[in-house]
Amino acid sequence: MSSRFICASLKRRRSIRKAELPKESYFLRRMAEDDLSSVMEIENLSYPNPWHLSSFKGEIDNRPISNPYVIVFKPLEKVIGYVIYWHI
């Protein structure tokens with residue numbers, strides 16, 4: 001990884017403001033295919049080499065191992081984040 005890439009990533013991260021939301025205004029639930037348009041929007045804004053849609057579909061379908069979750073902003077029922085972890 002080049003130092004230019006690292007510097008650009010750090011600058012981009014510093015420019016993002018942290019949202020402070022009351023805990024009761026959001027919740028976590030398992031990702032569904034209906035969430036993928038929001039997940040792809042976040043992915044494309046967050047990474048220079050984003051995952052393909054098929055990668056996320058694979059994570060949703062790989063139920064015994066993969067655990068994809070979305071963070072939903074309750075008042076608008078809008079996906080504001082996601083996390084994927086594997087249970088091995």
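## Getting oriented

Helices are DSSP runs of H or I with at least four residues, strands are DSSP runs of E with at least two, and both are numbered from the N terminus. What you are looking at is a predicted model, where local features need pLDDT of at least 70 and side-chain atom pairs pLDDT 80 or more, while totals for chains, interfaces and linings use all residues. Residue numbers start from 1 along each chain as its sequence is written, and side-chain values use heavy atoms, with hydrogens and water left out.

The chain holds 3 helices and 3 strands. Follow the sequence along and you meet them in the pattern α-β-α-α-β-β. Of the 88 residues, 24% are buried (under 20% relative accessible area, with exposed being over 50% and partly exposed in between, using a 1.4 Å probe and protein chains only). The chain exposes about 7000 Å² (Shrake-Rupley areas, 1.4 Å probe, with only the protein chains shown counting as cover for residues). Carbon and sulfur atoms supply 56% of that area.

What about contacts (heavy atoms within 4.5 Å)? Among those between residues at least 6 apart in sequence, 57% join residues at least 24 apart.

## The sheet

The 3 strands make an open sheet in the order 1-2-3, with antiparallel pairing (two strands pair if DSSP finds at least two bridges between them). Strand 1 (26-30) and strand 3 are the edge strands, and each has a single partner, so one side of each has no neighbour in the sheet. On average, neighbouring strands are turned by 25° against each other, direction ignored.

Strand 1 joins strand 2 through 5 antiparallel bridges, and Tyr26 sits opposite Phe73 of strand 2. Between strand 2 and strand 3, which also run antiparallel, there are 8 bridges. Look for Val70 there: its bridge partner in strand 3 is Tyr82.

## Helices across the strands

Helix 2 (residues 36-46) lies across strand 2 and strand 3, at about 80° to strand 3. (Axes are lines fitted to C-alpha atoms, for helices over the stretch in contact, and angles run from 0 to 180 degrees between N-to-C directions.) Helix 3 (residues 53-61) lies across strand 1, strand 2 and strand 3, and its angle to strand 3 is about 65°.

## The hairpin and Lys74

Strand 2 (66-73) and strand 3 (78-86) have Lys74 in the loop between them. Their hairpin has 4 residues between the strands, and Glu77 in it takes a positive phi near 50°.

Lys74 is partly exposed because its relative accessibility is 40%. Which residues does Lys74 touch, leaving aside those up to four places away in sequence? They are Glu24, Ser25, Tyr26 and Phe27. With Ser25, the C-alpha atoms are 5.3 Å apart, although 49 residues separate the two in sequence.

## Two buried residues in the strands

Ser66, in strand 2, has 0% relative accessibility and therefore counts as buried. Setting aside residues up to four places away in sequence, Ser66 touches Arg30, Glu59, Ile84, Tyr85 and Trp86.

Over in strand 3 there is Val79, which is buried because its relative accessible area is 7%. With the same four-place limit in sequence, Val79 touches Arg29, Asp35, Ser38, Ile42, Val70, Ile71 and Val72. Val79 and Leu36 are 43 residues apart in sequence, and their C-alpha atoms are 9.5 Å apart in space.

## A salt bridge

Side chains of opposite charge can pair when their charged atoms come close. A salt bridge here is a side-chain nitrogen of Lys or Arg within 4 Å of a carboxyl oxygen of Asp or Glu, and the count comes to 1. Arg29 forms it with Asp35, and the closest N and O atoms are 2.8 Å apart.

How do the two partners differ in cover? Arg29, at 30% relative accessibility, is partly exposed. Asp35, at 5%, counts as buried. Both of these residues are among the contacts of Val79.

## A nonpolar patch on the surface

Ile65, Trp86 and Ile88 form a nonpolar patch on the surface, with about 380 Å² of accessible area together. (Patch residues have over 30% relative accessible area and no salt bridge; like charges are joined within 9 Å, and nonpolar side chains, meaning Val, Leu, Ile, Met, Phe, Trp and Tyr, within 5 Å.) Trp86 belongs to strand 3. At 49% relative accessible area, Trp86 counts as partly exposed, and Trp86 is also one of the residues that Ser66 touches.

Note on methods: Contact = heavy atoms within 4.5 Å.
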